[in-house]
2 protein chains.
Amino acid sequence: MAKYYSIKWVDNAVSMLDQRLLPHEEKYNTYTTFEEVAKAINVMVVRGAPAIGASAAYGLVLAVNAAETEDVGTGLEQLKKAGDVLKAARPTAVNLFWAVDRMVKKAVQANAQTMDELRAVVKAEADLIWEEDADMCFRMAENAMQVTPDQVVFVHHCNTGALATVDYGTALGVIRRAHEVGKDVFAYVDETRPRLQGARLTAWELQELGVPHAVIVDGASGYVMRNKGVNMVVFGCDRIAANGDLANKNVTYNLALAAKAHGIPAYSVRPTSTVDLNTASGDLIDIEERPSDEISHVFGKAHIIPEGVEVFNPAFDVTPNELITGIITEEGIAYPPFEKSLAEMVQKAEDRRKNRK
Amino acid sequence: MAKYYSIKWVDNAVSMLDQRLLPHEEKYNTYTTFEEVAKAINVMVVRGAPAIGASAAYGLVLAVNAAETEDVGTGLEQLKKAGDVLKAARPTAVNLFWAVDRMVKKAVQANAQTMDELRAVVKAEADLIWEEDADMCFRMAENAMQVTPDQVVFVHHCNTGALATVDYGTALGVIRRAHEVGKDVFAYVDETRPRLQGARLTAWELQELGVPHAVIVDGASGYVMRNKGVNMVVFGCDRIAANGDLANKNVTYNLALAAKAHGIPAYSVRPTSTVDLNTASGDLIDIEERPSDEISHVFGKAHIIPEGVEVFNPAFDVTPNELITGIITEEGIAYPPFEKSLAEMVQKAEDRRKNRK
């Protein structure tokens with residue numbers, strides 16, 4: 001494990017790296033009540049679906065630990081109320097709802113006889129959510145090693161590291177693992193305009209991990225592919241259609257186009273939970289347009305565009321499957337034709353969950 | 001002519017738009033001495049090779065006008081000294097040297113008999129330098145109209161407008177001309193990281209000209225090509241090799257790759273003086289690496305990268321000729337094979353200069 005983390009249970013409290021202060025300050029906040037955790041989620045001390053889910057789960061541990069009752073029914077009521085507060089912290093975060101519902105369901109079904117028993121069940125389930133995500137990320141990184149050259153020069157897009165998950169990360173986990181197993185690694189980190197997740201967060205993580213890297217502007221990806229020996233492109237993604245088309249943070253499409261033109265393999269690294277078999281292709285994915293001030297004001301400080309000028313700021317773009325070499329999941333690497341391989345990966349993940357129960 | 005300009009002779013003085021204040025303030029400075037003009041060039045009130053050349057030429061007009069002598073020989077000496085001062089203002093600006101040398105040579109060869117005659121010769125030559133550049137830009141824009149659709153959606157890179165020349169501009173002149181002749185025009189302006197010439201200057205010019213446009217991040221060029229009906233891509237360039245490979249402001253290469261992938265024509269718009277027939281191909285062009293703080297600090301205000309992180313900041317990239325549909329010059333449009341067509345364009349320009357003498 002790296003010396004940093006997004007969210008972790010430490011000394012009977014929730015410890016979170018305050019990501020609002022990155023990259024210039026590394027400060028961990030300690031939260032001892034679920035209300036504080038809800039607030040931290042709300043103001044984005046923590047970000048990234050898995051990290052938010054784990055934060056809410058441990059928030060519920062704080063709630064049930066603080067419950068001043070010996071009656072399990074009352075304790076469960078307080079747990080549910082805390083869950084509602086946590087859910088309201090980021091009302092559009094699907095993973096937050098999923099984590100809270102899973103925790104409450106587990107607590108109810110456990111049929112605990114004492115509050116101590118209930119507390120133990122809740123804590124164990126929060127740990128499991130945390131560990132499952134860490135384990136899933138690690139398996140993706142391990143699976144990626146079979147296609148990662150021993151001398152590897154990456155281009156990496158956005159932030160997909162331990163800061164967005166609970167540990168390891170997705171695409172950034174591949175770079176980290178390659179470094180850990182002794183491969184000769186260099187990573188070009190695109191800055192990821194407009195919100196600069198690459199420049200701010202990915203560069204910070206690689207610095208912490210001791211992985212050699214350099215930040216480039218997004219448009220220089222073709223330049224480094226042509227001149228700097230790049231041989232692997234990795235990124236995450238937000239949603240994968242059944243045919244392998246994928247929606248990811250703007251500007252993945254241009255990066256994938258450049259990789260294709262240079263014959264460099266481009267991999268998306270994401271758990272099977274991102275695959276949406278009900279969406280046939282990328283054309284069916286709606287793209288959110290984001291506020292113009294994300295582009296016109298950098299860090300809220302540098303105002304770079306004339307007043308009144310229109311800005312077009314799609315948050316995501318769709319990369320068609322023909323530009324994707326493979327999709328690296330926790331169950332293995334899906335290759336074209338993706339309709340078949342992705343369905344197989346999803347099935348494998350389902351079987352694994354069934355076997356665990 | 002637009003209501004704004006980079007540099008112009010107004011009321012017996014040099015008037016310059018202070019580009020350091022753009023896009024938030026439109027302020028014209030008036031300079032009445034050649035020393036002031038040299039200072040303005042030095043601190044980059046004005047930028048762009050043609051605009052710097054014209055500024056120096058009018059600086060020499062100020063010098064000879066201010067000469068307190070009736071002796072033409074003494075006047076010429078003062079002119080030469082002023083020329084040396086102006087040349088020292090930006091020692092690496094080739095066009096600055098060219099303009100000063102041309103002015104001094106003209107003044108000497110004119111064999112003026114009186115200071116009034118000398119002053120008239122010098123003023124006429126400065127006007128000619130200004131007008132030749134404006135005329136050349138206008139002819140490029142006119143030549144471009146034959147390949148510009150009546151309903152046109154552009155992607156434009158960097159700043160190539162009247163702010164970088166004395167009027168009209170190169171690639172931006174094409175957009176302007178299309179709007180003037182009544183075509184239905186929309187332009188996507190890429191912001192041009194790291195120095196943001198697109199967001200700051202091109203957006204400002206198009207706003208002044210009343211051309212509908214929107215700013216995008218550089219990496220969104222593929223997105224708008226795929227989804228927004230883009231049918232023409234235009235950019236300038238800094239140097240064109242004999243085979244049509246061209247070096248231009250980073251990130252032209254990625255833009256040209258995306259255009260090629262979508263089958264959208266991509267044109268470089270530049271005068272024949274940019275063609276270097278002695279450089280066989282783009283591989284022979286050295287690429288300058290620029291300081292890392294151009295990327296790590298936006299406008300010197302927003303510090304976006306962790307301390308100590310490496311930055312790779314090539315100032316230019318080379319776009320190979322197979323990605324270029326045509327090179328629009330003042331003598332016509334050069335098409336592949338560029339070895340032949342570019343040499344013809346250069347010859348035509350030479351013939352035109354000979355005929356003029």
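## A term to start with

A polar contact is a pair of N or O atoms within 3.5 Å; inside protein, one of the two must be able to donate a hydrogen and the other to accept it, and residues adjacent in sequence count only through side-chain atoms on both sides. With that in hand, please keep in mind that this is a predicted model.

## Asn248 of chain B

A good place to use the term is Asn248(B), which sits in strand β9 (residues 246–249) of chain B. Its side chain makes a polar contact with the side chain of Thr252(B), at 2.9 Å. Is Asn248(B) buried or exposed? With a relative accessible area of 5%, Asn248(B) is buried, because anything under 20% falls in that class.

Setting aside neighbours within four places in sequence, Asn248(B) has a varied set of contacts. They are His157(B), the run of Phe235(B), Gly236(B), Cys237(B) and Asp238(B), and then Ala315(B), Phe316(B) and Asp317(B).

## How the two chains meet

Let us turn to the interface. On each side, 57 residues take part: 57 of chain A are in contact with 57 of chain B. Together the two chains bury about 4400 Å², and 64% of that area is on carbon and sulfur atoms. Two salt bridges are counted between chain A and chain B. Glu191(A) forms a salt bridge with Arg193(B), where the closest N and O atoms are 2.6 Å apart. There are also 18 residue pairs in polar contact between the chains, counting those with both residues at pLDDT 80 or more.

Which elements of chain A supply at least two residues each to the side that touches chain B? The strands are β5 (184–190), β6 (213–216), β13 (302–303) and β14 (316–319), and the helices are α7 (197–209), α8 (221–227) and α9 (252–262). Of these, α9(A) gives the most, with six residues. Sorted by class, this side of chain A has 35 nonpolar, eleven polar and eleven charged residues.

## Helix α7 of chain A

One of the interface helices, α7(A), deserves a closer look. Its 13 residues should span 18 Å at 1.5 Å a residue, and its end C-alpha atoms are 17 Å apart, which agrees. Twelve of the 13 residues are buried, so the helix is largely enclosed by the rest of the structure. Among the buried residues are Arg200(A), Trp204(A), Glu205(A) and Glu208(A), alongside Leu201(A), Leu206(A) and Leu209(A).

What do the buried residues of α7(A) pack against? Their partners in chain A are the strands β2 (13–17), β4 (151–156), β5, β6 and β9 (246–249), plus helix α6 (171–180). Just after α7(A) comes Gly210(A), which takes a positive phi of about 75°.

## Helix α2, seen in both chains

In chain A, helix α2 covers residues 49–66, which makes 18 residues. From its first C-alpha to its last it reaches 26 Å, close to the 26 Å expected at 1.5 Å a residue. The helix is mostly covered, with 14 of its 18 residues buried.

In chain B, helix α2 (residues 49–66) holds Ser55(B). Ser55(B) is buried, at a relative accessible area of 0%. Not counting residues up to four places away in sequence, Ser55(B) touches Ile7(B), Met16(B), Val37(B), Ile41(B) and Val46(B). Its C-alpha atom is separated by 37 Å from that of Glu322(B), which lies 267 residues away along the chain.

## Backbone points to check

Most residues other than glycine have a negative phi, and most peptide bonds are trans. A few places in this model depart from that pattern. Met44(A), in the loop between α1 (34–42) and α2 of chain A, has a positive phi near 70°. Met44(A) counts as partly exposed, with 33% relative accessibility. Cys158(A), in the loop between β4 and α6 of chain A, has a positive phi near 65°. At 7% relative accessibility, Cys158(A) counts as buried.

Chain B offers two cis peptide bonds to look at. One joins Leu22(B) and Pro23(B), with omega about 5°, and Pro23(B) is found in the loop between β2 (13–17) and β3 (28–31). The other runs from Pro336(B) to Pro337(B), with omega near 0°; Pro337(B) is in the loop between β16 (332–334) and α11 (338–356).

Key: Residues numbered from 1 in each chain as written. Chains lettered and ligands numbered in written order. Heavy atoms only, no water. Contact = heavy atoms within 4.5 Å. Buried area = accessible area lost by both parts, 1.4 Å probe. Salt bridge = Lys/Arg side-chain N within 4 Å of Asp/Glu carboxyl O. Helix = DSSP H or I, 4+ residues; strand = E, 2+ residues; numbered from the N terminus. Nonpolar A, V, L, I, M, F, W, Y, C, P; charged D, E, K, R; others polar. Expected span 1.5 Å × (residues − 1). Buried < 20%, exposed > 50% of the residue type's maximum accessible area, 1.4 Å probe, protein only.
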